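Work through these exercises with the model open beside you. Try each task before reading its solution.

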Amino acid sequence: MKKLIGLLATGSICMLAACSSGDDDNSVVPPSTWQQGNNNNQVTPEFCQTSVPGSVFQYNPQTGTPECVFPTSASSTPGYSNGVVNPGGGIIPLSSGGGIIPVTNTSSSVAPVAIASSSSVSAPVTARSSSSQRPTTTTPTSTATTTPPADDGDGKWHLGLWDGTADANQVPTGNKTGGYWYSYTDSGDKGKSSFTWAVDVTGENGFADLIKECHGICGEFSLIVGTNPYKPYVGIGFNYSKSANEAADATSSRGVCVTYKSDIDIILEMGLGSQDSKIGYANPFVPLPASTSATTADFGWGEFKQPDWATAAQTISNPEKQLVSLKFKFAGDTDGEDGGSGTFSILKVGATGQCN
């Protein structure tokens, strides 16, 4: 095995194979900053969202290298110290001064890195507009970092009412580690679209303070295409569990209800995790028509349809049986053109009939 440079800092190498407890390691809390050695093109917004849930993608202001950053310090993280992720699978401690220790090539015999669970490292999570045939990456801009109670999920969604007007912070999904809101943009496609929030959502409280301020989730979106060849977009969503790829059966929820306001149509999309790429990102969705007053809509799972450009090879049956997330996407109308700006509020989300 080739030697790793710069391992004179305090702490020792802790291989994830030794630190995790088999396949069921949902209690593992990542450190505050993750970076993948010198192979920096592996650290992407999708890597942060899928493999390091709760992190935020950024470029290190000192080194210019991409990394996944948690807003809270790692001093409160049990079992870990600040460190970088070795692409071969080890954790390299940081120096006492907080700087990142350089990493060279590792032995090919080292097992691939595993962050949250055995299924957490997989195909990047992507998002699509309802009419574009080309996948577009998602870039989470924030998520709650409060550690929820231990996972008691039974592999099934039990979607309960999230009432933002009651300042609820977590959508009941049937899994105590899920239901925390996150946002994403088209920056991964070199777009310039963004959200503007009334309250900072990048801190350790995630969207909690915004929900209290708005009695729901409210904000302003700006759809700027930049050099993105596709439709500009931004979105918010929540997962069944803390893993961005853990699917569960949502059949018993029968569907979803939403109370919302929006200056433009919202694309309510079923996120299928690793299945997204297998169906060519032709994800089932329903449109939420623009409304300047609070409007409640109910949809059964059978009303979610794949876009009309989906081919026979991209079709999927009963997507509610393998549902990973629900996403609310705001997108422009035309590839390569700005989509304007507007405001929105999401006030309630639940199973069919619960929002009334």
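**Exercise 1: The partners of one strand**

Task: Find how strand β10 (residues 162–163) pairs with strand β20 (residues 340–350), then look for other partners of β20. Keep in mind that this is a predicted model.

Solution.
- Step 1. Start with β10 and β20. They pair in the antiparallel sense, over two bridges. Aspartate 163 has lysine 348 in β20 as its bridge partner.
- Step 2. Move to β13. Seven bridges join β13 to β20, and the two strands run antiparallel. Look for isoleucine 217; it stands opposite isoleucine 346 in β20.
- Step 3. Now take β15 (residues 255–262). Six bridges link β15 with β20, again in the antiparallel sense. Here lysine 261 stands opposite serine 345 of β20.

**Exercise 2: The nonpolar cores**

Task: Which residues have the most contacts inside the largest nonpolar core?

Solution.
- Step 1. Recall a general trend. In soluble globular proteins, nonpolar side chains tend to be buried together.
- Step 2. Pick out the largest core. It has 45 residues, and Trp181, Ile217, Val256, Phe328 and Ile346 have the most contacts inside it.
- Step 3. Ask which element gives the largest share of this core. That is β13, with four residues.
- Step 4. Look for a second core. It is separate and has six residues, including Tyr184, Tyr233, Ile267 and Ala331.

**Exercise 3: One asparagine in a loop**

Task: Is asparagine 228 buried or exposed? Describe its surroundings.

Solution.
- Step 1. Locate the residue. Asparagine 228 lies in the loop between β13 (217–223) and β14 (233–239).
- Step 2. Apply the cut-off. Buried means under 20% relative accessible area. Asparagine 228 has 2% relative accessibility, so it counts as buried.
- Step 3. List the residues it touches, leaving out those up to four places away in sequence. They are Asp186, Asp189, Lys190, Gly191 and Gly336.
- Step 4. Check its polar contact. The side chain of asparagine 228 reaches the backbone nitrogen of tyrosine 230 at 2.9 Å.

**Exercise 4: The whole chain**

Task: How many helices and strands does the protein have? Then describe its burial, contacts and surface.

Solution.
- Step 1. Count the elements. There are four helices and 20 strands.
- Step 2. Turn to burial. Of the 356 residues, 53% are buried.
- Step 3. Consider contacts between residues at least 6 apart in sequence. Of these, 76% join residues at least 24 apart.
- Step 4. Finish at the surface. The protein exposes about 14700 Å², and carbon and sulfur atoms supply 50% of that.

Technical notes
Residues numbered from 1 in each chain as written. Predicted model: local features only at pLDDT ≥ 70, side-chain atom pairs only at ≥ 80, totals over all residues. Heavy atoms only, no water. Buried < 20%, exposed > 50% of the residue type's maximum accessible area, 1.4 Å probe, protein only. Contact = heavy atoms within 4.5 Å. Areas by Shrake-Rupley, 256 points an atom, 1.4 Å probe, with all protein chains shown as cover. Polar contact = N/O pair within 3.5 Å; in protein donor to acceptor, adjacent residues only side chain to side chain. Core = buried A, V, L, I, M, F, W, Y, C linked by side-chain atoms within 4.5 Å. Pairing = 2+ DSSP bridges.
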